[in-house]
Amino acid sequence: MSGSVLEDTPTVRPGVVPSGPFGGRVSWRWIGWIGAVIVLIVTPHVLDAFWTGKVTGWVCLAVAAQGLNLLTGYNGQISAGHGALYGLGAYTCAIWVDHFDGQFLGGVALAAVVSFAAGLLIGLPALRIKGLYLALVTLAVATLFPDLVKQLEGITGGQQGLKMSEPVPYRGTVVQQNVKWVAPEWTGLADDQWRFYVFAVIALACFALTANLVRSRMGRAMVAIRDNEVAAETNGVPVARVKVVTFGLSSALAGVGGALFALWQTQVFPLSFTLTASLYFLVAVVLGGPSSVIGPAIGAISYGLFEDVLSKKVLPERWQSLTPLILGVLLVVLMQLAPGGTVGMVQTLRRRRLARRASGVLQPAGQTVDQATDPATPDDPATDDPVLDDPATPDPTND
Amino acid sequence: MSEFFQFVVIGLGNGAVYAMVGMGLVVIYRSTGVLNFSQGEIAMFSTFIVWSAHEAGLPLPLALVVGMIAGAAIGAVLFRIAVQPLGDSKANPLPVVIATIGLFLAVNASASLVWGSESKPFEKLFGLGALEIGSVSIDYQKIGALAVLAVEVLAFQLLFNRTKLGLAMRSVASNPESSALAGVPVNRVLLAGWGLAAAIGAVAGTFTAPNFGIDANLMLNTLVFAFAAIALGGFDSLIGAVVGGLIVGVLTDVAPRYIDAIDKMPLAPAFLLIVAVLLFRPEGLFGTRRVQRV
Amino acid sequence: MSNRQPALSPSSVRRRPIRPVRLGAALVISLSLVAAACGRDDETTTDGGNSSETTAPGAAPFIDPAKDCLEGYEPTKGVNGTEILVGTVRPTTGPARIYDTVTKGLEKYFESVNAKGGVKAGDGTSYTIKLVKGDDGYDPGKTPGVVQSLVETDGIFAMVGQIGTETNEAVKSYMNTKCVPSIGLSTGSPGWGQNNTSPWYIGGLPSYALEAGAFLDFYSKTKPEAKIALLYQNDDFGKAYQGAIKKWITDNNSKITLVAEQPYDATSSQTTEAATAELAGSGADLFFVGIGGSQCPITLTFIPATWTPDVYTSITCSGKLALSLAQGKDEGIYSTQATLDPASAEDQTNAKVQAFLTDGAAVGLTKDELEGGIVSVGWGLGALFARSLELSPKMTRADVMNTLWQFDGEQVGLFRDGVPLTTDNDVDPWLIEAMRVVKRTGGQWVEAGPIVDYAGTSNSFAS
């Protein structure tokens with residue numbers, strides 16, 4: 001797959017020291033993570049309850065997109081079916097909370113397990129079916145999922161949906177009201193803020209685990225398979241095992257996203273998990289930039305901004321039905337200008353800047369070329385040039 | 001028992017439409033290696049043009065021709081602006097898939113903007129009559145759909161085997177670089193492929209619209225069936241699209257009637273069949289086997 | 001630091017861990033409330049429009065915000081000077097997009113009324129009404145977000161004419177907790193008859209259960225042993241018909257039988273062709289088409305020539321625009337009708353229809369839209385809302401709702417002359433309970449049976 005945009009985003013090579021400010025002692029990556037945590041802490045205090053609620057929804061999408069990114073971006077297996085796994089997680093959580101009176105977080109954990117198992121199940125036949133055929137089979141799964149939900153009306157509530165509800169006294173009788181997130185007294189937070197923090201912690205954990213995974217041996221194996229499966233196999237990578245497990249992990253993440261979605265809405269309907277949802281996950285992954293850990297977060301935020309802010313607040317009412325048209329045109333244009341998504345665009349811009357520097361701009365000797373401003377991405381390939389990279393080698397264009 | 005035949009007839013009628021859309025997908029796949037997610041929407045847009053032409057006074061068959069030509073032009077233009085600049089998609093499928101998803105959204109929304117969102121009645125090309133055989137009633141419309149499908153298959157056979165354009169298309173599909181070196185106007189051939197696919201789409205839409213009324217969401221789900229058809233039949237086989245389409249159509253209409261456990265999952269039997277087939281023949285029933293060079 | 005207070009949360013609305021204790025507490029509280037309620041005087045006088053927030057002797061307002069609003073009550077939110085902001089939610093995409101035209105009727109009604117100086121409300125002020133529209137695509141997963149935006153960001157006074165059964169169900173809990181009225185729901189789900197648990201919801205269509213029962217009352221007179229084949233939408237809407245038919249048969253000890261049923265998934269990719277073919281095999285006398293959207297009239301084209309049943313179509317599918325999709329196969333079908341039909345030559349002689357046609361044209365509606373039968377539904381819902389404002393002594397949410405629960409024979413909008421709108425709190429929660437059976441003859445609806453008033457009995461038809 002030479003020239004593939006997926007391949008363009010590089011992997012970490014051991015021996016290359018990531019640099020950062022303060023003379024390289026603190027890497028950009030750490031700054032990035034800390035920055036993200038700060039933003040997450042501050043957000044629900046800056047936004048009002050309504051917008052905190054909206055942004056909480058974006059978190060669900062980010063986690064699910066990360067799952068898809070793992071499979072499609074890092075491992076090269078295209079899936080058009082993650083909407084179904086998202087839905088599986090959502091329904092698992094909803095059934096757990098409503099039918100079994102389970103704890104919210106227990107629902108999330110259960111969703112992860114169930115989705116992981118489902119991912120393994122799909123991953124196994126996926127070994128035989130590759131490329132676009134795999135995309136189609138996953139498309140089939142995505143299309144079947146809402147039908148399955150409707151078929152199993154007894155437990156899922158069918159088309160009428162499933163509400164996670166509890167009885168509440170009202171007007172002399174008892175009425176079923178949707179469950180609520182209630183902030184514990186000791187936090188002094190409002191309910192919506194508490195909910196956001198819980199979601200943010202779970203999402204951060206997922207992202208951190210993913211970041212670790214892609215830098216591990218398993219992660220390198222995944223990328224090796226993506227770039228050239230046959231070569232990977234001849235080099236001893238246990239291809240089948242890696243591919244299936246990746247499918248499982250990717251599905252688990254999607255399931256967690258779905259469970260969060262269910263807990264956010266406190267009710268689930270089959271229509272939320274159609275093929276369209278799967279396609280939007282793909283869009284979020286590509287918008288952010290496939291095969292970078294932060295990409296899905298950027299993609300989810302971009303999509304959320306587009307849906308909730310641009311189309312509802314910025315566009316006048318008459319134009320709101322234009323939203324899908326604008327999104328569609330945006331995607332077409334984006335693919336021509338920045339097929340690597342936002343992250344890819346940032347890297348391309350930096351590569352150009354580096355190229356300009358290397359071709360004549362003065363540089364003090366010994367200073368390392370600055371690396372990614374985006375902390376979670378692995379190093380830029382242009383700077384893997386041993387001449388430019390190694391701090392001991394003076395820049396040849398220097399005096 | 002006659003009920004069974006009635007369901008089969010309904011399934012064949014629907015299957016013919018899936019086969020038509022599937023053939024369009026195959027043409028595009030063979031020439032550009034792209035799985036075109038916007039095929040259904042382009043078909044719907046072309047069908048709207050058919051509708052407008054008919055509303056303006058043209059008899060339906062003539063309106064269909066107008067729609068096919070206009071659709072072909074639109075398909076070609078969309079290819080040129082959205083897909084061609086992305087380069088070779090066989091090496092790099094993801095951006096092209098996303099671009100076609102973008103086209104899907106854009107074309108769908110454009111249709112709503114131009115023609116509004118209400119369903120409008122759409123006449124049956126072959127009228128409302130039916131052939132009665134025993135207690136099975138076979139609409140002329142369904143017979144017509146199958147006949148038109150057969151004509152399309154013949155037309156493609158002629159095109160690919162007897163014409164220069166067809167030869168060029170086959171050559172580009174098998175090896176675009178060599179074709180370019182040999183002087184084949186590759187881009188023009190690709191444009192023709194997308195144009196042809198759009199034209200068949202207009203025909204498919206003309207047969208679908210009477211059953212739903214015509215509106216922007218007409219082909220949303222037909223596309224999924226068409227994908228199923230070509231997955232079963234093989235991405236690069238026209239015959240595969242036809243056989244696949246008919247099988248998918250029949251299975252989807254017949255199976256839920258007899259198997260209660262899936263009566264709310266009409267797509268299940270077709271998709272299970274596809275997974276089963278692909279496990280044993282990953283290239284589909286009629287597709288070409290790919291040999292991977294190490 | 002945060003400048004907000006933690007949200008009020010009564011101890012009964014708490015998260016899981018203390019479940020058994022909490023359930024017990026809930027039971028104790030509800031029992032004591034019931035005990036207290038039994039002691040309250042529930043008789044209401046029927047001198048329509050007499051509702052104020054202070055308890056008048058002998059009349060208890062249906063809603064008392066002090067007791068009933070669990071999460072804060074904003075009585076006049078959305079009333080900005082002499083303008084009232086209202087919201088509506090409808091599908092512009094999806095299987096029910098044909099109903100988007102209802103919203104157009106609603107919008108145009110307000111435009112028309114505003115042009116004439118607004119609505120003269122019961123508090124003496126004339127108000128203009130501004131409508132904000134939301135779109136949920138008929139997807140109950142999207143509805144909460146849209147409704148929340150309208151209520152909390154736009155700050156609407158009330159929802160008017162919201163479309164869809166499940167979509168309205170998806171926000172019922174929210175609206176009733178926030179004490180925001182949803183007036184004239186564009187759905188006749190029998191669930192709205194349980195208004196004690198959802199007093200802020202009042203339906204704008206007759207109950208689907210009543211619709212089925214009324215038709216069977218008529219049909220059984222001439223065909224007491226008929227066999228029915230039912231095609232029902234596989235959701236609350238279609239199942240309302242299914243339940244009502246079965247209940248009617250049992251309650252009336254009838255010899256009518258339901259010999260075949262087929263569910264239909266409106267969100268699926270399929271037509272009703274195969275389901276209809278299967279039902280045809282039953283050879284039933286009556287084909288009851290209990291589905292909505294564009295597949296309803298199109299189903300008529302799938303009836304094989306070998307099967308010639310009487311056909312009944314849902315009231316939601318009886319407009320001229322909808323039936324145009326039937327390509328002529330609508331001749332001879334039955335439906336029920338509570339409204340005047342602007343496409344009917346006979347009804348066009350009625351002064352109300354003439355006013356509608358004139359006023360509608362004045363605000364830009366085309367002839368097709370005016371006669372289509374769907375715009376007029378929205379127009380009527382707008383008129384219902386306006387009437388509630390006219391009769392309400394104060395412009396607060398609770399007053400307007402309580403007024404609606406005490407309608408006394410109001411003739412509103414395009415409802416037929418023999419269809420008075422009457423409610424009485426939870427004794428009579430349905431506004432529209434009079435209807436007549438009509439038969440499609442020569443492209444027009446013609447009376448097949450006279451208007452029958454089922455006042456106060458709608459709930460008894462629901463299963």
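**Exercise 1.** Which residues does Cys93(A) touch, not counting residues up to four places away in sequence?

*Solution.* Bear in mind that this is a predicted model.
- Step 1: take a contact to be a pair of C-beta atoms within 7 Å.
- Step 2: skip the sequence neighbours up to four places away, and you get Gly107(A), Val108(A), Leu110(A) and Ala111(A), along with Ala259(A), Ala262(A) and Leu263(A).
- Step 3: put Cys93(A) in context. It is listed among the residues with the most contacts inside the largest nonpolar core, together with Val256(A), Leu260(A), Val283(A) and Ala228(B). That core has 348 residues.

**Exercise 2.** Describe chain A by its secondary structure, burial and contact separation.

*Solution.*
- Step 1: count the elements, and chain A comes out with 17 helices and 4 strands.
- Step 2: check burial, where 51% of the 399 residues count as buried.
- Step 3: look at contacts with a separation of 6 or more. In chain A, 74% of these link residues 24 or more positions apart.

**Exercise 3.** Work out how chain B meets chain C, and which element of chain B gives the most.

*Solution.*
- Step 1: count both sides. Chain B puts 24 residues in contact with 24 residues of chain C.
- Step 2: find the helices on the chain B side. At least two residues each come from α1 (2–32), α8 (186–212), α9 (220–233) and α10 (238–258) of chain B.
- Step 3: pick the top contributor, which is α1(B) with 4 residues.
- Step 4: sort the chain B side by class, giving 8 nonpolar, 10 polar and 6 charged residues.

**Exercise 4.** Split chain C into its domains and describe the contact between them.

*Solution.*
- Step 1: read off the domain assignment. Domain 1 of chain C covers 79–206 + 343–432, and domain 2 covers 209–337 + 453–461.
- Step 2: get the spacing, with the C-alpha centres of the two domains 27 Å apart.
- Step 3: count the contact, to which domain 1 and domain 2 of chain C bring 21 residues each.
- Step 4: see what gives the most on the domain 1 side. That's helix α5 (residues 165–170) of chain C, with 3 residues.
- Step 5: class the domain 1 side, and you find 9 nonpolar, 8 polar and 4 charged residues.

**Exercise 5.** Judge the predictor's confidence, for chain C and for the complex.

*Solution.*
- Step 1: start with the chain C average, a pLDDT of 85, with 87% of the residues scoring at least 70.
- Step 2: find the weak stretch. Residues 1–58 of chain C have a pLDDT below 50, yet this stretch has 74 contacts in the model beyond near neighbours in sequence.
- Step 3: finish with the complex, where the predictor gives an ipTM of 0.87 and a pTM of 0.85.

How values were computed
Residues are numbered from 1 along each chain as its sequence is written. Chains are lettered from A and ligands numbered from 1 in the order in which they are written. This is a predicted model: local features need pLDDT of at least 70, side-chain atom pairs count only at pLDDT 80 or more; totals for chains, interfaces and linings use all residues. Domain bounds come from an automatic or database domain assignment. Two residues are in contact if their C-beta atoms, placed from the backbone, lie within 7 Å. Ala, Val, Leu, Ile, Met, Phe, Trp, Tyr, Cys and Pro count as nonpolar, Asp, Glu, Lys and Arg as charged, and the others, Gly among them, as polar. pLDDT is the predictor's confidence in each residue, from 0 to 100. A nonpolar core is a set of buried Ala, Val, Leu, Ile, Met, Phe, Trp, Tyr and Cys residues joined through C-beta atoms within 7 Å. A residue is buried if 20 or more other C-beta atoms lie within 10 Å of its own, exposed if 12 or fewer, and partly exposed in between; C-beta atoms are placed from the backbone.
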